[in-house]
Each structure stands twice: as C-alpha cells, then as structure tokens.
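Visitor: I am new to this structure. Please take one part of it and look at that closely with me.

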Amino acid sequence: MVDSGYREFGLVGRKLGHSMSPELFRSIFKKYDVRAAYHLLEMERIDEVCLLPLRYPLLYGFNVTVPYKESILPYLDNLSDVAREIEAVNTVYIDRTRNGKNGAFQLWGHNTDYSGFLHSLDNFEINGGKALVLGSGGASRAVSKALLSKKMDVMIVSRTPHPYHINCNEKSSIPVISYLQIDKVLLNDTDIVINATPAGMWPEVESGPPFPWHLIDKHIIFYDLIYNPRITLFMRKALEQGATAMNGLRMLEYQAFDAWNFWSAIQTNKP
Ligand code: NAP
C-alpha cells in the first residue's frame, strides 16, 4: 500500500459461512505489516453493492464470490483486460477520487481466479493434453482460459449445454457437452477434470456434480476448485479409484495474494 493508513477490505457473496478469506487476508496483512480489517459482506441481491462504499467509508476494495462474479459487471466503471476477456470479476477496487455510474466513487473490476488457477498448476507438468471443465460460470471461464494458455484442449461440461464463448486470443469458442456424453473413450483421452461448480461445497458436502463416477480412471487428475471441505465428494470418488485429487486451497491462496497485489499496485498505476 502506498500510505500506511488503516483500510478495510471484504468479500461479497450470498452465503459466506464457508469462506477462509478473512483468515487468509489476516495473514497477508500481518506479512506486510498493514493495519487493515477484512469483512464478510453477505448480500441477498447484487444491486446492494452500490451502497457498500457509503456503508463502509474506509472500504478500499473487495473480493466477489458465488453467485455474483458475473452479475456484478453492470455495476462496475472499469474492467481490467483479463476481467473483460473472462467476463467475470472476483476483485474490485473502490476509487473514491472520481464519480462513477453509482455515485461519488468508481468501481474497478479485475479477475485473479485466472492467475490464481494458473499458479496452482505449477507443480504439474502440463503442456498440451485434454481437460474437462465441469460447470459454465465465471470460475469455469477463468480456468478454461488458463488451460488454453497451457496449450490444452478444453471441453466444458454443463447440465444444459449451450454455446460457450470465451473472449481470448487462444480460441474463440470451446465445445460444450452434457454430463451424459462423458464416456470411457472420452475419459481415456482426458488428463485433468476440474470441478468448477459449487456442487459439494460446505454445507452440502454429500453432493457433487452429476459425473459418472464409475468411469473414473486413475491416470486422470481430479481438481476441485472447492476448498471447504478439504476433501470433497468429487475428490473422494477419485481417490477411491486410485486417481490423483486436489482441492482449491492453493488456488485460493494465489488468487488472494494476486488480489492484494492488484489493490497495492493500483494507486501507482492509476491513469
Ligand atoms: P457459479 O457461477 O455459481 O456456478 C458455476 C456453474 O456451476 C454454473 O454456471 C452451473 O453450470 C454449475 N452448477 C451450479 N450449481 C450446480 C449444481 N448444483 N450441480 C452441478 N452444476 C452446478 O460459481 P463460480 O463462481 O463459477 O464458482 C464455481 C465454484 O468454484 C464454487 O464452488 C467456488 O467456490 C469455486 N471457486 C474456487 C476458487 C478458489 O480460489 N479455490 C475460485 C473461484 C471459484 P451449468 O448450469 O452449465 O451446469
């Protein structure tokens, strides 16, 4: 941060009982010796976001989670390139020096799910291969863009397949299939399956995406973006068949750290 004044940050979402963000950000504040607080800001409707800068005069920025990463877009004044490409935002900076569409401040949107996911793959040697991404929301788009940048062939799996567009240079559209189209032949050829749906997240820990579990093969990496619980049903099914499974904790840490860097850098880089 440029000055050492006390600041507030927060997380906007509908139900936030599962969130580890306050804990994570407290450790970031401690590491950088910053006087700051991090609030959970539950909202029934996304239009309440316009009131946040007024309700919290010291709020400097906030993260955004399920289900608002896309519905927040109309309330933002600026978007970073990556947020524009992914059409989803998980990090917002409040610029109180300019008027914007919601009042005497501007909201600047950014996406660190993309960079957070990309960093989380560092331990895997991924270059090419095939990926199935379950779900077609904001996290799915961030993950798909990251996988395309790793030269992977990506397929989205949706409960209601529909044309899927991703505004990035690597490819303009990604095939979308239904869960019923997942078969042995497809999985033989698949290197990684990513759960980018909220199915299985606390407290609904005994649920999961409608994946054909009996077809799991142990050569596939099963990556759940969910981090609470630490071992989801999706991961359990994979581990039971001898496959590799990981949760979303590393991604969470990286995306939080990247959000912090965005907020920290913005003062100096503001046009
Ligand atoms: P979202 O927009 O609410 O949902 C993503 C997609 O999941 C939906 O578009 C839907 O796609 C599918 N879906 C929703 N409910 C489902 C259900 N009950 N069963 C099967 N599919 C369902 O959420 P998101 O923001 O993209 O986030 C998705 C997940 O990733 C959440 O659990 C979130 O916590 C996690 N996440 C983790 C991190 C991290 O740092 N670890 C970062 C970002 C997100 P279809 O309708 O096409 O099936």
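Guide: What follows is a walk that starts at the pockets and moves on to the parts around them. Keep in mind that the model is predicted.

Start with the largest pocket. It holds about 890 Å³ of space. Its lining counts 41 residues. Nearest the centre lie V66, A139, A196, T197 and P198. Four elements each give two or more residues to this lining: strand 3 (59–64), helix 5 (138–149), strand 8 (153–158) and helix 8 (249–269). Helix 8 supplies the largest share, with three residues. Sorted by class, the lining has 20 nonpolar, 17 polar and four charged residues.

Now the second largest pocket. Its space comes to about 270 Å³. Its lining includes R14, K15, G17 and H18. T65, V66 and P67 also line it. So do P198, M201, W202, P203 and E204. By class, that gives six nonpolar, three polar and three charged residues. Two names deserve a second look. V66 and P198 line this pocket, and V66 and P198 are also among the residues nearest the centre of the largest pocket.

Stay with W202 and P203 for a moment. The peptide bond from W202 to P203 is cis, with omega near 10 degrees. P203 sits in the loop between strand 10 (192–195) and strand 11 (221–224). A cis bond also joins N228 and P229, with omega about 10 degrees. P229 is in the loop that runs between strand 11 and helix 7 (233–240). Why point these bonds out? Because most peptide bonds are trans.

Next, go back to helix 5, one of the elements that line the largest pocket. K145 lies in this helix, and E85 lies in helix 3 (residues 81–86), so their pairing ties together parts that are 60 residues apart in sequence. The two side chains meet in a salt bridge, 2.6 Å from N to O. How covered are the partners? K145 is buried, at 6% relative accessible area. E85 is partly exposed, at 22%.

Just past helix 5 comes a loop that leads to strand 8, and K151 lies in it. Phi of K151 is near 65 degrees, a positive value in a residue other than glycine. K151 is exposed, with a relative accessible area of 60%.

D33 tells a similar story. It has a positive phi of about 55 degrees, although it is not a glycine. D33 lies in the loop between helix 1 and strand 2 (36–42). Its relative accessible area is 71%, so D33 is exposed. Why do such phi values stand out? Because most residues other than glycine have a negative phi.

D33 comes just after helix 1, so take that helix next. Helix 1 covers residues 21–31, and its buried residues are S21, P22, L24, F25, I28 and F29. Why do they share one side of the helix? They cover an arc of only 160 degrees around the axis, which puts them on the same side. The face turned away from that side carries the exposed residues E23, R26, K30 and K31.

Return to the salt bridges. How many are there? The count comes to nine. One of them joins the side chains of D113 and K69, at 2.7 Å from N to O. This pair links distant parts of the chain, 44 residues apart. D113 is in helix 4 (residues 113–120), while K69 is in the loop between strand 3 and strand 4 (78–79). D113 is buried, at 4% relative accessibility. K69 is buried too, with a relative accessible area of 16%.

Another salt bridge joins D95 and R98, at 2.8 Å from N to O. D95 is buried, at 0% relative accessibility. R98 is partly exposed, with a relative accessible area of 29%.

R98 leads to the last stop, A104. Leaving out residues up to four places away in sequence, A104 touches R96, R98 and N99. A104 sits in the loop between strand 5 (91–95) and strand 6 (106–110). Is A104 buried or exposed? At 56% relative accessibility, A104 counts as exposed. Its C-alpha atom is separated by 46 Å from that of P210, which is 106 residues away along the chain.

Technical notes. Residues are numbered from 1 along each chain as its sequence is written. This is a predicted model: local features need pLDDT of at least 70, side-chain atom pairs count only at pLDDT 80 or more; totals for chains, interfaces and linings use all residues. Side-chain values use heavy atoms; hydrogens and water are left out. Buried means under 20% relative accessible area, exposed over 50%, partly exposed in between (1.4 Å probe, protein chains only). Contact means heavy atoms within 4.5 Å. The arc is that of the directions from the helix axis to the C-beta atoms. On a 1 Å grid over the protein atoms alone, a cavity is a set of points where a 1.4 Å probe fits but cannot get out, and a pocket is an open set with protein on both sides within 12 Å along at least five of seven lines; lining residues have an atom within 4 Å of a point. Grid points are joined across faces, edges and corners, and a volume is the space filled by probe spheres set on the points. Ala, Val, Leu, Ile, Met, Phe, Trp, Tyr, Cys and Pro count as nonpolar, Asp, Glu, Lys and Arg as charged, and the others, Gly among them, as polar. A salt bridge is a side-chain nitrogen of Lys or Arg within 4 Å of a carboxyl oxygen of Asp or Glu.
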